[in-house]
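Got your viewer open and a cartoon representation ready? Let's walk through this structure together, one selection at a time.

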Amino acid sequence: MKKAKRALAIHDISGFGKCSLTVALPIISACGIETAVMPTAVLSTHTGGFTGYTYRDLTDDMLPMADHWKSLDLKFDALYSGYLGSFEQIEIVKSIVKDFKTADNFFLCDPAMADNGKMYALFDLEFAQKMAELCAMADIIVPNFTEAAFLLGEEFKKGPYTKEYVEHILTSLSDLGPKKIVLTGVYFDEKAVGCACYDKEANIMDYCLQPVLEGIYHGTGDTFASALCGALLNDLELRKAAETATKYTCRCIRRTLKTTPDVRYGVAFEGELPWLIKELKYND
């Protein structure tokens, strides 16, 4: 009997709005993966476009949860971290990785801390340096161009990009420690956008692009990274996993355009889960 796989997703969770755990749990589960969760905070809504939201920090609960799991001898096939709200949470995730990372699983880090050339509110360059330390422990990282620039201590550059610049970013990020990089927001003209992926050990670079869809859609980064994690756990190699996640995210955006009256609600990922399941063919 084939052993079922299990992932641990470490993110905050919003009562309303599609991002972080609200996205990661259903998407990875739909990929046929048992998904354990470690909430880092609970919010009434996500922060993109909403004001007046409630926020409860769960930092003090993280290590006790991990200690309980250790006492149960739980094992994970993947560790997947996203937005972390403080230096302390970064240090806690480092400790969790040390305790649960093995030669047989992978740690995927989405260094969610910046976009559009700016750090998120309350973050600074020191935070980026600490996030770079966490990325150094990862097998796979999934930054956008802004996050990549801050991780590397370089000036952010707006696109369109050249292949030479993209490949400079990919190789420089791999020098931090992770063996595999998936860089999002890659585009060379105004017609197509997607990601670039780099497998350092195999020395392979690939691009996965889709036609540009106008607008800003909250939760697409978490949607992409979660689909990527699920695809990798279904034993897809990096390029195919990134391609699947790119296509899935674009399908979700198209569905959002048709079905969602307010883009602040988040990307409409649910209706495209049947496509993702079929694409992975994990029931075969």
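Two strands count as paired here if DSSP finds at least two bridges between them. This is a predicted model, so please treat each stop as a look at a prediction.

**Stop 1: the sheet**

Colour the strands and follow them across. Nine of them form an open sheet in the order β3-β2-β1-β4-β5-β8-β9-β10-β11, with mixed pairing. At the edges are β3 (55-57) and β11, each of which pairs on one side only. Strands of a sheet pair through backbone hydrogen bonds, either parallel or antiparallel.

**Stop 2: the parallel strands**

Select β1 (6-16) and β2 (34-45). How many bridges join β1 to β2? There are nine, and the two strands run parallel. For a landmark, show I10, which stands opposite M38 in β2. The chain travels from β1 through α1 to β2, and this β-α-β crossover is right-handed.

Now turn to β4, which pairs with β1 in the parallel sense over four bridges. Keep I10 displayed, since its bridge partner in β4 is S81. Moving on, β4 (residues 78-81) and β5 (residues 106-109) are also parallel, joined over four bridges. Here Y80 has L108 in β5 as its bridge partner.

Add helix α1 (residues 20-30) to the view: it packs on the sheet and touches β1, β2 and β4. Its direction makes about 135° with that of β1.

**Stop 3: S14**

Still in strand β1, select S14. Is S14 buried or exposed? Its relative accessibility is 4%, so S14 counts as buried, the cut-off for buried being under 20%. Expand the selection to its contacts, leaving aside neighbours within four places in sequence: you will pick up C19, T22, L43, S44, T45 and H46.

**Stop 4: the antiparallel hairpins**

Jump to β9 (180-186), β10 (192-199) and β11 (204-211). β9 and β10 run antiparallel and are joined by six bridges, with V182 standing opposite C197 in β10. Five residues make the hairpin connection from β9 to β10.

Next along, β10 and β11 pair in the antiparallel sense over eight bridges. Try showing Y198 together with M205, its bridge partner in β11. This hairpin has four residues between its strands, and N203 in the turn has a positive phi of about 55°. Before leaving, colour β10 by accessibility: six of its eight residues are buried, so β10 is largely enclosed by the rest of the structure.

**Stop 5: helix α6**

Select residues 163-174, which make up helix α6. A quick distance check works nicely here. At 1.5 Å a residue, its twelve residues should span 16 Å, because the expected span is 1.5 Å times one less than the number of residues. The C-alpha atoms at its ends are 16 Å apart, which agrees.

Where does α6 pack? On the sheet, touching β8, β9, β10 and β11, with its direction at about 145° to that of β9. Highlight its buried residues, which are Y165, V166, I169, L170, S172, L173 and S174. The elements covering them include β8 (140-141) and α5 (145-152), along with β9, β10 and β11.

**Stop 6: the aromatic rings**

Finally, show the aromatic side chains. A search of the whole structure finds 13 aromatic pairs. Begin with F76 and F100: their ring centres are 5.4 Å apart and their planes lie at 70°, so the pair is edge-to-face. This pair links distant parts of the chain, with F76 in the loop between α2 (59-71) and β4, and F100 in helix α3 (residues 87-100), 24 residues apart. F76 is buried, with a relative accessible area of 5%, and F100 is buried at 6%.

For a stacked pair, go to Y161 and Y165, which are 5.7 Å centre to centre with 15° between the planes. Y161 is buried, with a relative accessible area of 8%, and Y165 is buried at 12%.

Which residues do ring pairs link into a cluster? Select Y83, F87, Y120, F123 and F127 to bring that cluster into view.

Note on methods. Residues are numbered from 1 along each chain as its sequence is written. This is a predicted model: local features need pLDDT of at least 70, side-chain atom pairs count only at pLDDT 80 or more; totals for chains, interfaces and linings use all residues. Side-chain values use heavy atoms; hydrogens and water are left out. Buried means under 20% relative accessible area, exposed over 50%, partly exposed in between (1.4 Å probe, protein chains only). Contact means heavy atoms within 4.5 Å. Axes are lines fitted to C-alpha atoms, for helices over the stretch in contact, and angles run from 0 to 180 degrees between N-to-C directions. A crossover is right-handed if, with the strands pointing away from the viewer, the path from the first strand over the helix to the second runs clockwise. Rings of Phe, Tyr and Trp (its six-membered ring) pair if their centres lie within 6.5 Å; planes under 30 degrees apart count as stacked, over 60 as edge-to-face and the rest as tilted.
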